[in-house]
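The following account explains how selected features of a protein model may be read from its atoms. It proceeds from the overall composition to individual contacts.

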Amino acid sequence: MSILLYRLGGAISRRRGLVVGVWLLLLVLLGTGASTLGDRYDDSFSIPGTDSEKGQDLLAQRFGQTGANGQILFTAKKGKITDSANASEVGKLVKATDAIKGVSVRNPLTADQPMLNKGSTAALAQVNFSASVPSEHTLDAVQKAGTPPASSGVETSVGGDAYKSTADPSKVPELLGLLVSFFILVLTFGSLLAAGMPILTSLIGVGVTLTSVILISRVVTVSSTAPTLAEMLGLAVGIDYALFIISRHRAQLAEGVEPVESMSRALATAGSAVVFAGTTVIIALAGLSVAGIPVLTVMGLGAAAAVTVAVSVALTLVPAIALLLGERLRPRVRRRRLRKQDKPRKQRRGFATTWVRIITRWPAVTALAVVILLGSAALPAKQLELALPDNSTAPASTPQRVTYDKITAEFGEGYNAPLAVTADVITSSDPKGTVSKLADAIKDIPGVVAVPQETPDEGGDTGLVQVIPKAGQTAPSTAALVQELRDRAPALEKKYKVSEMLVTGSTAVNIDASDRLGGALLPFGCIVIGLSLILLMIVFRSIAVPIKATLGYLLSVGAALGAVVAVFGLGWADALVPGLSDGGPIVSFLPIFVMGVLFGLAMDYEMFLVSAMREHYVNSGDAKGSVREGFKASSRVVTAAALIMTSVFVAFIPAGTSTIKQIAFGLAVGVFVDAFFVRMTLVPAVLMLLGHRAWWLPAWLEARLPVVDVEGAALHRKIAFSDWEAAQGRTTLLARGLVVRETTASIDLVARPGEITRVTASQGVHPRELGRVLAGRGRARAGELVVDGLLLPEQREIVFRRTALLEIEPFETSPVSTGSLFHERARLMSVSGSQRRRFADAASRQFAELEAMIGTQDARVDAILVETAMALAGGADVYVLTGLEHLSDGPRLECEALANHLADQGQTVIVVALESAQPSPASTDGAPRVLEGSRRDSHV
């Protein structure tokens, strides 16, 4: 990854203007499409497979209830709403509203069961829209038609689920958040120009994301919360990822590195870390699909897309702009004028040095204090109550909230959350009577306030009973009533000869969604924790570090959820910030969403902080000193990143909806706690406490874990090899300190083009085992290995194609069929048919030439010629030959001739033999020869 990103930096440097132009063009095209088509957000939840979803489908098929719902509350200014003058006014308003295209509403006073309050001073009408997301024009028309003149004796309030807040929230808090972020960047970089770059690039990335979400909302169901979440995450991670890359770039510029080379190295190091961090966030957000709720899945994928765009911007647009600015990003060298009388001042300790010394002086005490503090902060989470938001949590001035409050005052809160019970009555000879009897039975169930509607459909197949609970949708009693109705369904079906009794309606759907989300919390947590352990074990090659990081993550999540419950559920902050919470339940998808986002961000900070500590430990072997040095090296950037991300999340709290407030607050607390209490306090203390044990990993596990280079270590090795090769000459294979087995000595080996390098394997290492390591087919226990300019094990797949492993079998083998073997090998290659034919033909020609030159009669040598021919046809540069000790003198001389032929052709040949194996006899006419100066013996 680091080498690929290094090359990406070079490619961008040659097309920097084009890269910037493409991003701007993409933003303009998406922005034009979004402004032309507009958004079509839909906050309805569908949960495939649940009873409530089946009931919704049935209501759509049998009763035509396919779209959104609204409500009109009619209230008499004087007298009763049923008085003739008031009733006439209600009739006119209902008729005018019903005449609107795509709108259906029945007069609540002329229905079979009028929807009246106890004093008959108010009536409630249900409005049905044909569209699931009515247009603003339709909603405004209903609002206008349902509003009486000032002289009327009737007052109305129009609202319901169809109405959402159309006013754009104030962007002032977000701008203040960006201003705070800019101020932090200025302090971090000491440059206005450098500080403005992360803000600019993150805004471009967010613009691309939001316009894309708007266009996608025309095709799939996207909730109105999704774009705000995508914007919030896009800004936070976009600024942070740009900060990581620019800070590394400027640090290298300060060391005198040329801008293009500096940016290439920054991408290879910090860019690799950005890819890893972004990938963890994306995986966690995509994991929201575990809940099985399509809207939540789209929400998670939208947020994941925002992170993906942020990573793409950081890897392409940020380098392009930085390279356009060139030398202007190079930090200025500040010099203090020294006078003769000035005495040299002692170097002052920075805050990072002081802090890490304090927290690691008594590491056990520090760790215990952090655990107790965060554990106490998580205690309110025990009172977590989850529910999806309804109109009671809408802003106070919106139509849906005003109507909700008035209906609650006139009728009771349950009238805002009606339930629908459907039943199959097709076998009944009196569908209407059967539905009436069923409704009477439902009335007697505790918790049912009223049954205002009981009717079969026009075909007499399905009965519909509307049930009014005592409380609203988010109340536990309403969820209990839904469960009670479902528990009694079998008995009611048997008693009244009906079937498939379903409890549905938007209230039941939202309750089922909350239950599904609550049930998905544990599986999602297991996935996140398991992923955390595996990823960190791969990155840090340690057992203790992943366990410590995961436990710290759980402390952060607990503290975040505890803070959300304390502020929004229990109202502890109402005295300090009036209106911050509504005292209602926590939105159902908040825990799983916060867990997903915090997982990625926590791994981000863990990786940036601990990787610096591991780098110092690998280089020095000083476990305790590496904690201090690594902390000092990375704490400044981590501090700036955490403060920026916290300020961005806080900025979305004041003007956000109830859902956005809770999520933004939870993420702000979670990021702050994780960065400053867990990563920058608990982590150094635990690592100091563990010492060398922190970096221990069983050898058997080490050999099986893939290598992931997230800090650009491969790039440093690549640069070191290039410098070495520039001084020492062209080198095809370089091994330094290579250890094949833990109990054997290391090997240093240099092999060059056109030469034969002989290596003897001492006791404890089999030649075949050593040969496979040198050819990239096996993994060494330790040391460095570069083959044909490629690093192992990072570029192992490419090494496979550049090397040929020629293994002589210990026993006689059957003759090979070269033609079929060449075509079979070509068939396995991922190339076109013509390329396969060309490969087979080239291999056949190579084999014919080798066979004519060598003229062997030994089947084992013949097999080596076949492998060599295929390697030559495939473009291999390095040939590793093992097993010469299994051959008699004649076949061994033939293999020596093959080695010399390959060397004459400019190939690199490495012959691995047993320590006791003797060199071949001196060359004679027609015998194999060893070129002068080409033979070097190296012992393992």
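The paragraphs below treat the whole chain, then its aromatic pairs, then a sheet, and finally two backbone angles.

The structure is a predicted model. Its secondary structure amounts to 28 helices and 19 strands. The protein has 940 residues, of which 53% count as buried. Among the contacts with a separation of 6 or more, 77% are between residues 24 or more positions apart. The accessible surface is about 41,700 Å², and 57% of this area belongs to carbon and sulfur atoms.

Several side-chain contacts give these totals a concrete form. A search of the whole structure finds 5 aromatic pairs. In one of them, the ring centres of Y553 and F599 are 6.0 Å apart and the planes meet at 75°, so the arrangement is edge-to-face. The distance satisfies the pairing criterion because centres within 6.5 Å qualify, and the angle satisfies the edge-to-face criterion because it is over 60 degrees. Y553 belongs to helix 17 (residues 544–569) and F599 to helix 18 (residues 590–620), so the contact ties together parts that are 46 residues apart in sequence. Both rings belong to residues that count as buried, since the limit is under 20% relative accessible area: Y553 has a value of 1%, and F599 has a value of 0%.

A further edge-to-face pair is formed by F568 and F665, with 5.5 Å from centre to centre and 75° between the planes. This pair links distant parts of the chain, for F568 is in helix 17 and F665 is in helix 20 (residues 658–690), 97 residues apart. F568 is buried at 2% relative accessibility, and F665 is also buried, at 17%. Helix 17 thus contributes Y553 to a pair with helix 18 and F568 to a pair with helix 20.

Ring pairs also link F672, F676 and F677 into a cluster. Another kind of contact with a ring involves a charge: the charged end of R361 sits over the ring of W362, at 5.8 Å from the ring centre.

Attention now turns to a sheet. Which order do the strands of the open sheet of 4 strands follow? The order is 12-11-14-15, and the pairing is antiparallel. In general, the strands of a sheet pair through backbone hydrogen bonds, either parallel or antiparallel. Strand 12 (747–751) and strand 15 (790–792) are the edge strands, because each pairs on one side only. On average, neighbouring strands of this sheet are turned by 15° against each other, with direction ignored. Strand 11 (residues 733–739) and strand 12 run antiparallel and are joined by 4 bridges. Within this pairing, A735 stands opposite L749 in strand 12.

The backbone of two loop residues completes the account. D788 lies in the loop between strand 14 (782–787) and strand 15. Its phi is positive, at about 55°, although D788 is not a glycine. D788 counts as buried, with 9% relative accessibility. S120, likewise a residue other than glycine, has a positive phi near 55°. S120 is placed in the loop between strand 2 (103–105) and strand 3 (122–129). Is S120 buried or exposed? At a relative accessible area of 17%, S120 is buried, because the cut-off is under 20%.

Note on methods. Residues are numbered from 1 along each chain as its sequence is written. This is a predicted model: local features need pLDDT of at least 70, side-chain atom pairs count only at pLDDT 80 or more; totals for chains, interfaces and linings use all residues. Side-chain values use heavy atoms; hydrogens and water are left out. Rings of Phe, Tyr and Trp (its six-membered ring) pair if their centres lie within 6.5 Å; planes under 30 degrees apart count as stacked, over 60 as edge-to-face and the rest as tilted. Buried means under 20% relative accessible area, exposed over 50%, partly exposed in between (1.4 Å probe, protein chains only). A charge sits over a ring if NZ of Lys or CZ of Arg is within 6 Å of the ring centre and within 35 degrees of the ring normal. Two strands pair if DSSP finds at least two bridges between them. Axes are lines fitted to C-alpha atoms, for helices over the stretch in contact, and angles run from 0 to 180 degrees between N-to-C directions. Contact means heavy atoms within 4.5 Å. Accessible areas come from the Shrake-Rupley method with a 1.4 Å probe; for residues, only the protein chains shown count as cover.
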